[in-house]
Amino acid sequence: MTQGLFISFEGIDGAGKSSHIEALAQAFRNAGRTVTLTREPGGTPLAEKLRAMLLHDSMDPLTEALLAFAGRRDHLRCVIEPALARGEVVLCDRFTDATFAYQGAGRGFDLQVLAYLEKLVQTGLADDATLLRNPDVTIWFDVPPKVAAERLAAARTPDRFEAQPEAFFERVAGGYADRAAADPQRFARIDSSQDRESVARQVMAAMAARGLLPAEARA
Ligand code: TYD
């Protein structure tokens, strides 16, 4: 049977990742794969309720971190692990790197506690109970916070995170850079300040470089 493949998408708000996730899903479908498209916070009925709280209710960083990981546990158990076990491609709009970047670097929450929660929540789910489930590949849309802020200003009503000042996003961007430096094999950095076409090409090239899609793959 085909092996499951877990890909996450990360970047600060306004990095422009969303439009590329559907394109990549289509490219995998064209290559004959079944795709599960999902997101965090969220991805299950329970985790979607937690998402609404996380994005709109005021709370301290510990509560934020606990809600993010509680939703993740449910999401892993009910959606991600079963899809991977069926050999599907799971495309997840944000995952644990976002908790390290937003709650850790952005809010200043203790990274060691986050690492403990990561281990607690992401093991004991698969056949191999010792496996710490993390994405096989993380597509990181890297963009200067100033560019992201300009894009966001033109968009919708901001949630609790989008409403943060640029300094917050400077820290979050630094948090992503630290996660990428700690696990360079997993991270595919995309220069997301480029135009949409170029970003789309970079995403497909990153997949081809890892042998996950044919070099000529298109959405
Ligand atoms: P986002 O993924 O940007 O969704 P949308 O495109 O619908 O706005 O929004 C999710 C927000 O949640 C984003 O600001 C980052 C934040 N977040 C955390 O703070 N911690 C987490 O663990 C996750 C997954 C997201």
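Among the helices and strands, α4 gives the most to the shell around the ligand, with 4 residues. Everything here comes from a predicted model, and all values are computed from it. The shell comprises 16 residues, of which Asp13, Arg51, Arg94, Thr99 and Gln103 come nearest to the ligand. Sorted by class, the shell holds 8 charged, 6 nonpolar and 2 polar residues.

Three side chains put a polar atom within a few ångströms of the ligand. Aspartate 13 has a polar side-chain atom 2.8 Å from a ligand oxygen. Glutamine 103 sits on a nitrogen atom of the ligand instead, with an N or O atom of its side chain 2.8 Å away. For glutamate 162, the distance from a side-chain N or O atom to an oxygen atom of the ligand is 3.3 Å. As for burial, the ligand on its own has 550 Å² of accessible area, and the protein covers 91% of that. Besides α4, the elements that give two or more residues to the shell are α2 and α3.

So much for the ligand itself; next comes the space around it. The ligand sits in the largest pocket, which holds about 730 Å³ of space. In total, 38 residues line this pocket, and the ones nearest its centre are Asp13, Lys17, Arg51, Arg94 and Glu162. Asp13 thus turns up again, being listed both among the residues that come nearest to the ligand and among those nearest the pocket centre. Arg51 and Arg94 are on both lists too.

Five helices each supply at least two residues of the pocket lining: α1 (18-30), α2 (45-56), α3 (61-85), α4 (96-106) and α6 (145-153). Here it is α2 that gives the most, with 6 residues, whereas α4 holds that place in the shell around the ligand. As to chemistry, the pocket lining is made up of 15 nonpolar, 13 charged and 10 polar residues.

Arg94 also deserves a look for its backbone. This arginine lies in the loop between β3 (89-93) and α4, and its phi is near 80°, a positive value in a residue other than glycine. A second backbone feature turns up at proline 41, in the loop between β2 (35-39) and α2. The peptide bond that joins glutamate 40 to proline 41 is cis, with omega about -10°. Both features go against the usual pattern, because most residues other than glycine have a negative phi and most peptide bonds are trans.

Then there is the enclosed space. The count comes to 1 cavity of 30 Å³ or more, and the largest cavity holds about 30 Å³ of space. Its lining consists of Gly11, Ile12, Trp140, Phe141, Asp142, Val143, Ala173 and Tyr176. Two elements give two or more residues to that lining, namely β4 (137-142) and α7 (166-182). Of the elements, β4 gives the most, with 3 residues. By class, the cavity lining has 6 nonpolar residues, 1 polar and 1 charged.

How values were computed:
Residues are numbered from 1 along each chain as its sequence is written. This is a predicted model: local features need pLDDT of at least 70, side-chain atom pairs count only at pLDDT 80 or more; totals for chains, interfaces and linings use all residues. Side-chain values use heavy atoms; hydrogens and water are left out. On a 1 Å grid over the protein atoms alone, a cavity is a set of points where a 1.4 Å probe fits but cannot get out, and a pocket is an open set with protein on both sides within 12 Å along at least five of seven lines; lining residues have an atom within 4 Å of a point. Grid points are joined across faces, edges and corners, and a volume is the space filled by probe spheres set on the points. Ala, Val, Leu, Ile, Met, Phe, Trp, Tyr, Cys and Pro count as nonpolar, Asp, Glu, Lys and Arg as charged, and the others, Gly among them, as polar. A residue is near a molecule or strand if one of its heavy atoms lies within 4 Å of it. A polar contact is a pair of N or O atoms within 3.5 Å; within protein, one must be able to donate a hydrogen and the other to accept it, and residues adjacent in sequence count only if both atoms are side-chain atoms. Accessible areas come from the Shrake-Rupley method with a 1.4 Å probe; for residues, only the protein chains shown count as cover. A molecule sits in a cavity or pocket if more than half of its atoms lie within 2 Å of its grid points.
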